Amino acid sequence: MTERKVLYIAHRGCKVNGGVENTKEAFLGGVKAGAAGLECDVRVTKDGEFVIFHDSTLERLTTEDVAEHLYDVNQSTFDQIKDVKLTQTYRDTTHHGNICLFREYLQICKDNNEERRVAYPYTVLQGYIRL
């Protein structure tokens, strides 16, 4: 019988050791936790930047009073949303972070390229890829 190994994949990074989901801090937390992979969600801003963000809007992860048109990731430029402070509480710990560019995510994966750390991006590239 072939032995099977269960792999831990850090879904949107690791909130326990890291930060707000899909941020650099969360991905580095996944590396620190020994994850075999780092899952992420990719969106495209109005000016064509590939960013890591799960939701179509920033609303769930921000407490800032952001103008309504800036809540929609796909309708905002990267410059408009890059400094928006993201906030998420997990197990009584509140984390803060900023939107991560896809190239930053790839660099984190490359910098930590051990056999057990592989990037598994889940893409939500509306208008770019038809699923």
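Let us start with the cysteines: this predicted model contains zero disulfides. Take Cys40, which is in no disulfide, its nearest cysteine sulfur being that of Cys109, 7.3 Å away. Since a disulfide needs two cysteine sulfur atoms within 2.5 Å, that separation of 7.3 Å does not qualify. Cys100 is also in no disulfide; for this residue the nearest cysteine sulfur belongs to Cys40, at 8.2 Å. How accessible are these two residues? Cys40 is buried, with a relative accessible area of 0%, and Cys100 is likewise buried, again with a value of 0%.

With that in mind, step back and look at the whole chain. Its secondary structure amounts to three helices and seven strands. If you follow the sequence from its beginning, you meet these elements in the pattern β-α-β-β-α-β-β-β-α-β. The chain has 131 residues, and 43% of them count as buried. Of the contacts with a separation of 6 or more, 58% join residues that are 24 or more positions apart. On the outside, the accessible surface of the chain comes to about 8000 Å², and carbon and sulfur atoms account for 48% of it.

Now let us go inside. The largest nonpolar core has 13 residues, and the members that touch the most others in it are Val51, Phe53, Leu58, Val73, Ile81, Leu86 and Ile99. Val73 is a good residue to select in the viewer. Setting aside residues up to four places away in sequence, Val73 touches Arg43, Val44, Thr45, Lys46, Val51, Phe53, Asp55, Ser56, Thr57, Leu58 and Ile81. Apart from the largest core lies another one, made of 12 residues, including Ala35, Val42, Tyr105 and Ile108.

From the cores we can move on to a hairpin. Strand 4, residues 86-90, pairs with strand 5, residues 93-97, in the antiparallel sense, and five bridges join them. One of the residues to look for here is Thr87, whose bridge partner in strand 5 is His96.

What happens between the two strands? The hairpin has two residues there. Arg91 is found in this loop between strand 4 and strand 5, and Asp92 lies in the loop as well. Most residues other than glycine have a negative phi. Arg91, however, has a positive phi of about 50 degrees although it is not a glycine. Asp92, not a glycine either, has a positive phi of about 65 degrees. Both side chains can be found on the outside of the model: Arg91 is exposed, with a relative accessible area of 64%, and Asp92 is exposed too, with 78%.

Our last stop is Thr94, a residue of strand 5. Is Thr94 buried, partly exposed or exposed? Thr94 is partly exposed, because its relative accessible area is 40%, a value between the limits of 20% and 50%. Apart from neighbours within four places in sequence, Thr94 is in contact with Thr87, Gln88 and Thr89. With Thr89 there is a polar contact between the two side chains, at 2.8 Å. Finally, try finding Gly19: although Gly19 and Thr94 are 75 residues apart along the chain, their C-alpha atoms are separated by 8.2 Å.

Conventions:
Residues numbered from 1 in each chain as written. Predicted model: local features only at pLDDT ≥ 70, side-chain atom pairs only at ≥ 80, totals over all residues. Heavy atoms only, no water. Buried < 20%, exposed > 50% of the residue type's maximum accessible area, 1.4 Å probe, protein only. Core = buried A, V, L, I, M, F, W, Y, C linked by side-chain atoms within 4.5 Å. Contact = heavy atoms within 4.5 Å. Pairing = 2+ DSSP bridges. Helix = DSSP H or I, 4+ residues; strand = E, 2+ residues; numbered from the N terminus. Polar contact = N/O pair within 3.5 Å; in protein donor to acceptor, adjacent residues only side chain to side chain. Areas by Shrake-Rupley, 256 points an atom, 1.4 Å probe, with all protein chains shown as cover.
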